[in-house]
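Visitor: Please choose a single part of this model and take me through it slowly, with the reasoning spelled out where there is some.

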Amino acid sequence: MIKKLYSEAFFRRFGFLTVYSIFFLIFVGGWVRVTGSGMGCPDWPKCFDQWVPPTDVSELPEDYRTRFASPGKPVAEFNVVHTWTEYVNRLVGVLIGIFIAITMVSSFQFRKTEPRITAYAVLSFLLVGFQGWIGKVVVDKNLAGWMVTIHMLIALLVVGLVMLSVFRRHRLHHAISHKITLRNLSMLALLITLIQITSGTQVRERVDEVMLLHLAPDWIAYAGSLLTGHIVLSVLVFALSMLLAFMGYRSFKSEKIMKRVLTATLLCTAIQIISGIANRWMELPAIAQMSHILFGTLISGGWFYLWMVLNRKIASQEAL
Ligand code: HEM
């Protein structure tokens, strides 16, 4: 078992799984939100002060709505679906924390040969602990909007660190034309996407407020210039993607993985824009809300991967 954990093949495969599973967790987070289950558990880490939450209101004390309430944070009527959705979200979160811990332990095999692989894995593990604490703050502060944004940015940082560790050996095989320009453009696309994600979570905060105040039909007016800015910026994201597509396909030629990642990122961008349009003009359909959160984060992962590989020496240079 220990021998397997310390093999390079295990690290590579399990690391892959860990990267994918973090995106899955982001997707589950979107599901929690769409079903309105975010406050399904009033406390943290326990749920109604239990490790396994109740399935029926009769299992709760009669005064549960006052007992678990904190200032400015009333407790909603018990809803088994909301409670268990939030609980499953937490379980998936713990599982991914364990995945990251296993990746970190496996990365110790490189501590002497390639200490950076270990350093990034350890950092990602520490950050996940911090993220868990932030999760508690999100619950305590009744999902304050800026907390949701910080939570999202930390999740992306964790993905970035795990990718830096797990994909440490990913390099171009041959020299390509316009490598530096492509590298810089990928970084620009990443930065603009991160700004776009931040602006998106601010729009989302407004949407959440409107739903809380039961002003649903007015959500577009309430989101105001935040939503307009978000849509305008998406034009820039789209233009940059087109430029990267035009240059990337010409340069990558035999670099199959780079081509695949570029294609996947462009596809995610197209889906993101379609789901954004559906959100804006079709009154926030649940499927569009859920895919908008997932694909937005996948786009940032795609640009980051391209930048990371383009920022390294090509394999043949490394061997010299
Ligand atoms: C490629 C560009 C885009 C990115 C990276 C992006 C990213 C995001 C993100 C991360 C959120 C927050 C989701 C959440 O926390 O649940 C969001 C919300 C939102 N975005 Fe975008 N977005 C993009 C394009 C668009 C476009 C083109 C539109 C409209 C035409 C749009 C409309 C919206 C709306 C209405 C929300 C609020 C949705 C909700 O509350 O569930 N977005 N965006």
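Guide: A residue counts as being near a molecule if its C-beta atom, placed from the backbone, lies within 6 Å of that molecule. Keep in mind from the start that we are looking at a predicted model. There are 28 residues around the ligand, and those that come nearest are Gly200, Val207, Ser234, Gly276 and Gly296. By class, this shell is made up of 14 polar, 11 nonpolar and 3 charged residues. Five helices, namely α2 (8–34), α7, α8 (219–252), α9 (256–281) and α10, each supply at least two of the shell's residues, and it is α7 that gives the most, with 8 residues.

Let us therefore look closely at α7, and then at the helix it packs against. Helix α7 covers residues 179–212, and its length can be checked with a little arithmetic: at 1.5 Å a residue, its 34 residues should span 50 Å, and because the C-alpha atoms at its two ends are 49 Å apart, the two values agree. Just after this helix, His214 takes a positive phi of about 55°.

The partner is helix α10, residues 286–310, whose axis lies 8 Å from that of α7, with an angle of about 155° between the two. Since an angle over 145 degrees counts as roughly antiparallel, α7 is roughly antiparallel to α10. The crossing of these two helices is left-handed. On the α7 side the contact includes Leu182, Met187, Leu190, Leu194, Ile197 and Gly200, while α10 brings, among others, Gly296, Ile299, Trp303, Phe304 and Trp307. Why might such names come at short intervals along a helix? With 3.6 residues a turn, an α-helix has residues three or four places apart pointing the same way. Counted by class, this contact has 12 nonpolar, 5 polar and 2 charged residues. Gly200 and Gly296, which belong to this contact, are also among the residues that come nearest to the ligand.

Helix α10 has further partners. Its axis is 8 Å from that of α9, at an angle of about 150°, so α9 and α10 are roughly antiparallel, and their crossing is left-handed. That contact has 15 nonpolar and 11 polar residues, with no charged ones. With α2, the axes come within 9 Å and cross at roughly 150°, which again makes the pair roughly antiparallel, although here α2 passes α10 in a right-handed crossing. Phe23, Phe27, Gly30 and Trp31 are among the α2 residues in this contact, and Met290, Ile293 and Thr297 are among those of α10. By class, it has 10 nonpolar residues, 3 polar and no charged.

Key: Residues numbered from 1 in each chain as written. Predicted model: local features only at pLDDT ≥ 70, side-chain atom pairs only at ≥ 80, totals over all residues. Axes fitted to C-alpha atoms, helices over the stretch in contact; angles between N-to-C directions. Helix = DSSP H or I, 4+ residues; strand = E, 2+ residues; numbered from the N terminus. Parallel < 35°, antiparallel > 145°, perpendicular 65-115°, else oblique. Left-handed = near helix turned anticlockwise from the far one by under 90°. Contact = placed C-beta atoms within 7 Å. Nonpolar A, V, L, I, M, F, W, Y, C, P; charged D, E, K, R; others polar. Expected span 1.5 Å × (residues − 1).
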